[in-house]
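Below is a briefing on one protein chain and the ligand bound to it. Look over the sequence and the structure before reading the points that follow.

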Amino acid sequence: MSTLRRTEIASLLKDANINEDVLVKGWVRAFRANRFIALNDGSAFDNVQVVVDFENFDEALLKQISFHSCISVKGKIVESQGSGQSIEIIAEEIEVLGGADSDAYPLQPKKQTLEYLREKAQFRMRTNTFSAVFRIRHAIAYAVNKFYHDHGFYYMHTPIITGSDAEGAGEMFHVTTFKPDTAPRDEDGAVDYKKDFFGKETNLTVSGQLQAEIGALSMGKVYTFGPTFRAENSNTSRHLAEFWMIEPEVAFNDINDNMDLAESFSKYLINYILDNYPSDLAFLEKRILDMEKQLPKEKRRAMPLIETLRFVVDNDFERITYTDAVNLVRSSKPFKKGKFEYDLDWGKDLQAEHERWLVEKKFKKPVIVVDYPKDIKAFYMRANEDGKTVAAMDVLFPGIGEVIGGSQREERHDLLLARMKEMDVSEEELSWYLDLRKFGGCPHAGFGMGFERMVLFITGMSNIRDVIPFPRTPGNAEF
Ligand code: 4AD
Ligand code: MG
């Protein structure tokens with residue numbers, strides 16, 4: 001018996017042999033009546049029940065078995081007497097690997113707020129909610145790679161430290177080895193970055209797109225999937241300073257192909273989780289339904305989580321132009337009654353409240369808005385014939401708003417150069433980018449999906465800080 005190897009709970013629950021001896025290890029999710037331990041080792045959503053006959057164990061040992069303590073159990077598999085599980089383990093030997101003094105332990109076996117758990121990120125993944133969220137996060141990341149690999153894309157690692165500002169929004173974290181007070185200065189008194197580590201000013205990337213275009217114009221279809229950084233001071237439930245982005249870039253695709261790819265990719269990710277993580281989804285759905293009982297009807301979700309996900313994969317996304325979107329919002333009831341906080345005219349960016357009205361009230365499904373005014377979009381987007389708009393697209397999701405932003409790229413050298421000059425984008429810094437238009441260029445398109453926003457949508461969580469293990473937001477870089 002001492003040579004028994006540990007069995008993971010996931011595989012035990014899949015196929016167990018009655019009467020066999022097993023060794024399992026994990027964290028105690030519950031210890032009821034000094035007799036039933038719900039044990040979880042993270043391998044699956046479900047726990048295995050361990051039955052303890054207290055007469056066979058030392059009282060001092062049993063005392064150490066409390067909420068979230070870590071134990072090792074040797075025992076025999078039997079058919080379960082209780083409902084809701086097929087097997088259980090009759091404990092023969094128990095070892096406490098790590099006690100969790102129940103008075104001092106920051107988590108308690110009762111409902112804790114998500115805000116409180118955020119401060120205890122060293123423990124929150126042990127809860128049902130967060131282990132479900134992070135299992136699904138992992139699975140979506142896997143599905144991202146599987147989708148692109150199966151479709152003949154190459155995974156390209158774009159740099160995290162870069163000299164360029166892809167979005168031109170200037171919301172960048174600077175990377176330097178200089179100390180603020182002792183940085184060398186040039187004759188004009190400005191910091192002399194020529195003497196810095198890279199011999200130039202550098203920052204953390206806001207997007208891997210520009211480099212991904214290099215990949216697309218040689219390997220055909222590529223995607224990046226990595227961390228991106230934005231120093232925007234947006235303290236919202238949708239923004240992180242460090243988030244992950246998936247950016248496919250495809251040679252010969254136009255804006256319509258780009259929309260098709262965005263839609264089929266989104267649906268694939270959702271289907272993957274529906275097919276492979278039903279227990280985690282069912283738990284998250286029930287959690288939301290329980291929580292919403294306290295809310296007035298109009299604040300509740302229109303549909304339960306799993307139904308929402310199925311609805312999204314079973315229906316075509318709505319596709320409308322920016323101009324139509326503006327007209328729809330302007331002729332809507334809430335707009336006419338002055339219910340929106342922000343005004344909207346042609347040329348202004350759609351605000352989150354306008355986007356949510358389009359998605360949740362007007363169309364009740366994901367909406368792709370295309371052909372935005374050129375002045376509110378980045379320099380690299382392809383100019384449309386009308387001279388006013390660019391071939392840009394945003395994919396908006398219910399409850400979240402923008403999950404994907406992308407465009408067809410301006411492949412015409414002279415037009416791109418003129419646009420860069422107009423928008424004050426450094427020609428010198430991006431000479432390599434212009435080269436892609438001078439030598440062997442072609443029409444191409446791509447987009448960026450905010451990974452955490454997709455995880456938010458699929459898990460039904462409501463704050464982006466709860467779908468990344470260690471959120472970075474203004475004023476917070478704990479852990
Ligand atoms: O719309 P964005 O800024 O697009 C780009 O960066 C393009 N270069 C992408 C491309 O065409 N390859 O960002 C893309 C997506 C957004 O739609 C949003 O989902 C997410 O990234 N995003 C954020 N997610 C969390 N926190 C933030 N601060 C985010 N900013 C953008
Ligand atoms: Mg965007």
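Of the 479 residues in the protein chain, 49% are buried. The model is a predicted one. The chain has 14 helices and 16 strands, and its C-alpha trace spans about 85 × 60 × 45 Å along the principal axes.

**Whole chain**

- The accessible surface of the protein chain is about 23,900 Å². Carbon and sulfur atoms account for 49% of that surface.
- Among contacts between residues at least 6 apart in sequence, 67% join residues at least 24 apart.

**Nonpolar cores**

- The largest nonpolar core contains 69 residues. Ile270, Met393, Phe397 and Ile458 have the most contacts inside it.
- Helix H4, residues 128-150, gives the most to this core, with twelve residues.
- Another core lies apart from it and has 38 residues. Ala251, Trp357, Val425 and Cys442 are among them.
- Methionine 393, one of the residues with the most contacts inside the largest core, touches residues from several parts of the sequence, including Ile255, Met259, Ile368, Tyr372, Ile404 and Phe447.

**Ligand 1 and its surroundings**

- Which residues come nearest to ligand 1? Of the 24 residues around the ligand, they are Glu167, Gln209, Arg230, Glu247 and Glu402.
- Glutamate 402 has a polar side-chain atom 2.6 Å from an oxygen atom of ligand 1. For arginine 230, a polar side-chain atom lies 2.8 Å from an oxygen atom of the ligand.
- In the side chain of glutamate 232, an N or O atom is 2.8 Å from a nitrogen atom of ligand 1.
- On its own, ligand 1 has 630 Å² of accessible area, and the protein covers 93% of it.
- Three elements give two or more residues to the shell around ligand 1: strand S11 (242-251), strand S15 (401-408) and strand S16 (444-450). S15 gives the most, with five residues.
- Sorted by class, the shell has eight nonpolar, eight polar and eight charged residues.

**Aspartate 394**

- Aspartate 394 is part of strand S14, which runs over residues 389-397.
- Is aspartate 394 buried or exposed? Its relative accessible area is 5%, so aspartate 394 counts as buried, the cut-off being under 20%.
- The side chains of aspartate 394 and tyrosine 372 are joined by a polar contact of 3.4 Å.
- Beyond its neighbours up to four places away in sequence, aspartate 394 touches ten residues listed here in full: Glu355, Val367, Ile368, Val369, Tyr372, Lys377, Glu402, Ile404, Gly405 and Gly406. Glu402 is also one of the residues that come nearest to ligand 1.

**Arginine 409**

- Arginine 409 sits in the loop between S15 and helix H12 (413-422).
- The relative accessibility of arginine 409 is 1%, and therefore this residue counts as buried.
- A polar atom of the arginine 409 side chain lies 3.2 Å from the backbone oxygen of glycine 446.
- Leaving aside neighbours within four places in sequence, arginine 409 is in contact with residues including Gln209, Glu213, Glu249, Arg437, His444 and Phe447. Gln209 also belongs to the residues that come nearest to ligand 1.

**Serine 237**

- Serine 237 lies in the loop between strand S10 (221-229) and S11.
- With a relative accessible area of 26%, serine 237 is partly exposed.
- The side chain of serine 237 makes a polar contact of 3.1 Å with the side chain of arginine 238.
- Serine 237 and arginine 465 are 228 residues apart along the chain, and 7.2 Å separates their C-alpha atoms.
- Apart from neighbours within four places in sequence, serine 237 is in contact with Leu456, Ser462, Asn463, Ile464 and Arg465.

**Helix H14**

- Why is helix H14 (residues 451-459) described as largely enclosed by the rest of the structure? The reason is that nine of its nine residues are buried.
- The buried residues of H14 include Phe451, Glu452, Arg453 and Thr459. Ile458, also buried in H14, is one of the residues with the most contacts inside the largest nonpolar core.
- Leu456 is another buried residue of H14, and Leu456 is in contact with serine 237.
- Glycine 460, just after H14, takes a positive phi of about 75°.

How values were computed. Residues are numbered from 1 along each chain as its sequence is written. Chains are lettered from A and ligands numbered from 1 in the order in which they are written. This is a predicted model: local features need pLDDT of at least 70, side-chain atom pairs count only at pLDDT 80 or more; totals for chains, interfaces and linings use all residues. Side-chain values use heavy atoms; hydrogens and water are left out. Helices (H or I, at least four residues) and strands (E, at least two) are DSSP runs, numbered from the N terminus. Buried means under 20% relative accessible area, exposed over 50%, partly exposed in between (1.4 Å probe, protein chains only). A polar contact is a pair of N or O atoms within 3.5 Å; within protein, one must be able to donate a hydrogen and the other to accept it, and residues adjacent in sequence count only if both atoms are side-chain atoms. Contact means heavy atoms within 4.5 Å. A residue is near a molecule or strand if one of its heavy atoms lies within 4 Å of it. Accessible areas come from the Shrake-Rupley method with a 1.4 Å probe; for residues, only the protein chains shown count as cover. Ala, Val, Leu, Ile, Met, Phe, Trp, Tyr, Cys and Pro count as nonpolar, Asp, Glu, Lys and Arg as charged, and the others, Gly among them, as polar. A nonpolar core is a set of buried Ala, Val, Leu, Ile, Met, Phe, Trp, Tyr and Cys residues joined through side-chain atoms within 4.5 Å.
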